[in-house]
Amino acid sequence: MPVSDLDREVRTPPTLFEVWAPRPERVRLDVDGTLHDMTRSGDWWRAEVPARPDARYGFVLDDDPQVLPDPRSPRQPDGVHERSQLWAPDPEAWSDAGWAGRSIEGAVVYELHVGTFTPEGTFDAVIDKLDHLVDLGVDFVELMPVNAFGGTHGWGYDGVLWYAVHEPYGGPDGLVRLIDACHNRGLGVLIDAVFNHLGPSGNYLPRFGPYLSSGSNPWGESINLADAHADEVRRYILDCALRWMRDFHADGLRLDAVHALVDTTAVHILEELAAETDALSAELGRPLSLIAESDLNDPRLITPRDRGGLGMTAQWDDDIHHAIHSAVSGERQGYYADFGTIETLADTLRNGYFHAGTYSSFRGRRHGRPLDTTRIPATRLLAYTLTHDQVGNRAVGDRPSQNLEAGQLAVKAALVIGSPYTVMLFMGEEWGSTSPFQFFSSHPEPDLARATAEGRKREFAEHGWDADEVPDPQDPATFLRSKLKWDEIGRGEHARLLDTYRGLITLRRSEPDLADPWLDRLHIEYDEQQRWIVMHRGALAIACNLGSEPVRVPVSGQVLLAWDTPRIGADAAELPRYSFAVLRKPGD
């Protein structure tokens with residue numbers, strides 16, 4: 001006998017639905033196609049109605065018949081324009097009860113984009129490659145944004161439903177499987193979270209309330225952090241951040257472009273987030289990290305809260321990237337203009353920031369503030385040879401491996417991995433991947449798709465590029481070109497470079513001197529004309545020849561690892577062109 005609708009409703013337990021919506025005069029709840037009136041209490045609307053655990057639901061505002069997704073949607077199975085779906089993590093899905101977490105400071109982080117890391121572009125496919133990362137020596141996987149965004153593929157920084165997981169990657173259940181698999185292999189997981197703007201496709205939040213402010217940033221309208229009603233918007237951000245770490249067991253967040261968070265209140269949103277993250281860490285009994293991307297070179301960001309700082313665990317350091325890349329490659333255009341010399345490279349490695357209250361020709365003003373290297377360890381700064389930004393924001397998305405010799409790539413790796421800083425790699429760099437990482441999107445709206453493509457070409461044409469060379473981000477081929485070619489990994493110079501990365505990371509783990517986080521104990525020698533630099537790390541020396549001719553450097557000792565064989569004398573070593581050597585100095 002079929003179960004009647006009434007019987008089904010009686011047997012289905014009531015579920016509380018609520019939404020913050022100060023703007024509409026009336027809000028109704030749609031659950032599986034049935035409308036229910038909601039009751040207003042202040043600026044919140046609530047209704048308790050029977051609903052299946054996987055019910056589809058949404059909200060109808062005023063007289064507009066469109067059913068809008070929940071701003072705090074736990075799942076968007078049909079995309080960001082459709083109804084939300086109830087979802088809760090299944091406790092039985094986790095097997096990581098023994099995971100005690102690990103500190104981000106001094107670790108090796110691996111940034112990857114789920115959609116291009118594997119041919120399949122899913123969380124489950126990433127799981128199949130985790131043993132490669134373990135063998136490489138990685139400590140943390142950093143996932144580029146996995147929140148729900150418009151279209152099937154994209155970088156993820158145009159998210160509009162921050163609580164939901166992008167369905168084409170495998171949705172929330174797929175993310176649970178990935179993080180659980182990482183923890184069972186000893187890998188921590190960081191999630192890239194974007195709280196400084198909302199994407200253009202599927203952004204319905206302003207219809208509910210004042211999520212946006214009157215200001216703007218390069219990606220659109222700013223988030224309301226300090227205007228009227230900001231308290232609820234801030235709570236929206238804080239709850240989302242904590243959800244990734246609590247419900248999905250993530251070990252921390254990478255916070256996108258925090259310099260675009262305009263907050264004029266006495267307690268900055270980042271300080272508030274740091275305090276609540278510390279409290280959650282104590283509750284869970286494992287470390288949680290907040291890594292900020294910042295363009296400010298402001299050490300207050302990574303200064304502890306009890307010393308007047310914002311309390312971030314660490315931050316990306318583009319100055320180190322610029323100093324290494326421009327010195328090795330010779331590129332001096334755009335923001336590389338103030339970099340390129342060996343002296344600049346040495347200064348940046350010694351001090352963490354190059355621009356520290358000094359003039360920036362790219363910005364046309366003074367920039368940054370000095371880092372107190374006696375109080376803030378180098379491990380609070382992330383060093384890297386490339387990131388998704390430093391590749392993908394080039395006109396054609398070309399990697400250094402497409403323009404430099406393998407020895408130059410090895411030198412860059414030695415400078416980063418041999419440094420006192422926390423290390424970050426970008427997917428595929430460990431074998432010199434030849435795949436570009438281009439800017440790609442899949443906006444379903446024709447006008448938005450056309451504007452995105454035209455805007456990208458116009459932007460680079462203004463900087464002297466041929467517009468016809470700039471890939472169309474909406475062309476599916478742009479996305480497909482950006483996928484890693486895993487068949488390269490065992491061939492020729494690719495295999496040699498991978499072995500070098502493994503060797504450098506192994507030394508970093510096994511040599512105590514390479515774990516020293518204090519920059520005031522880092523000694524650097526260099527020769528501008530001959531283009532060599534030596535980092536002295538206690539008993540070890542990392543000697544690098546950035547030039548195209550062999551050079552003699554004033555350091556000797558036992559060779560622990562090298563790219564091309566150096567000739568070691570009693571008091572000096574001859575390094576081949578574009579090469580490095582890690583030496584244990586005599587008597588140490």
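**Close-up 1. Helix H13 and its buried residues in the predicted model.** Start with the inward-looking part of H13: Leu 448, Ala 449, Thr 452, Ala 453, Gly 455, Arg 456 and Phe 460 are its buried residues. Look down the helix axis and these residues fall within an arc of 160°, so they line one face of H13. Over on the other side of the helix sit Pro 446 and Asp 447, both exposed. The length checks out too: H13 runs over residues 446-461, and its 16 residues should span 22 Å at 1.5 Å a residue, which agrees with the 23 Å between its end C-alpha atoms.

**Close-up 2. Helix H8, with a buried side and an exposed one.** Here the helix covers residues 269-284. Which residues of H8 are buried? They are Ile 269, Leu 270, Leu 273, Ala 274, Thr 277, Leu 280 and Ser 281. The arc they cover around the axis is only 130°, which puts them on the same side of H8. Turn to the face pointing away from that buried side and you meet Ala 282 and Glu 283, which are exposed. As for length, 16 residues at 1.5 Å each should give a span of 22 Å, and the end C-alpha atoms of H8 are indeed 22 Å apart.

**Close-up 3. The second largest pocket and its lining.** This pocket has a volume of about 560 Å³. Its lining counts 26 residues, and the ones closest to the centre are Tyr 57, Asp 70, Arg 72, Pro 74 and Tyr 163. Where does the lining come from? Strand S1 (14-20), strand S6 (56-61) and helix H7 (230-246) each contribute at least two residues. Sorted by class, the lining of this pocket has 17 nonpolar residues, eight charged and one polar.

**Close-up 4. Cysteines without a disulfide.** Zoom in on the sulfur of Cys 240 and go looking for a partner: the closest cysteine sulfur belongs to Cys 182, and it is 20 Å away, too far for a bond. A disulfide would need the two sulfur atoms within 2.5 Å. The count of disulfides for the structure is zero. Buried or exposed, then, for Cys 240? Cys 240 is buried, with a relative accessible area of 1%. Cys 544 counts as buried as well, at 0% relative accessibility.

**Close-up 5. Leu 212 in strand S13.** The strand here takes in residues 212-217, and Leu 212 is part of it. With a relative accessibility of 17%, Leu 212 counts as buried, the cut-off being under 20%. Now pick out Leu 225: it is 13 residues from Leu 212 in sequence, while the C-alpha atoms of the two are 8.4 Å apart in space.

**Close-up 6. Two loop residues with positive phi, Arg 531 and Asp 564.** Neither of these is a glycine, yet Arg 531 has a phi near 65° and Asp 564 has a phi near 70°. Arg 531 sits in the loop between strand S22 (523-527) and strand S23 (532-537), where it is partly exposed at a relative accessible area of 24%. For Asp 564, look to the loop that runs between strand S26 (558-562) and strand S27 (567-568). Asp 564 is partly exposed too, with a relative accessibility of 33%.

Terms used
Residues numbered from 1 in each chain as written. Predicted model: local features only at pLDDT ≥ 70, side-chain atom pairs only at ≥ 80, totals over all residues. Heavy atoms only, no water. Buried < 20%, exposed > 50% of the residue type's maximum accessible area, 1.4 Å probe, protein only. 1 Å grid on protein atoms, 1.4 Å probe; cavity = no way out; pocket = protein on both sides within 12 Å on 5 of 7 lines; lining within 4 Å. Points joined across faces, edges and corners; volume = space filled by probe spheres on them. Helix = DSSP H or I, 4+ residues; strand = E, 2+ residues; numbered from the N terminus. Nonpolar A, V, L, I, M, F, W, Y, C, P; charged D, E, K, R; others polar. Expected span 1.5 Å × (residues − 1). Arc of directions from axis to C-beta.
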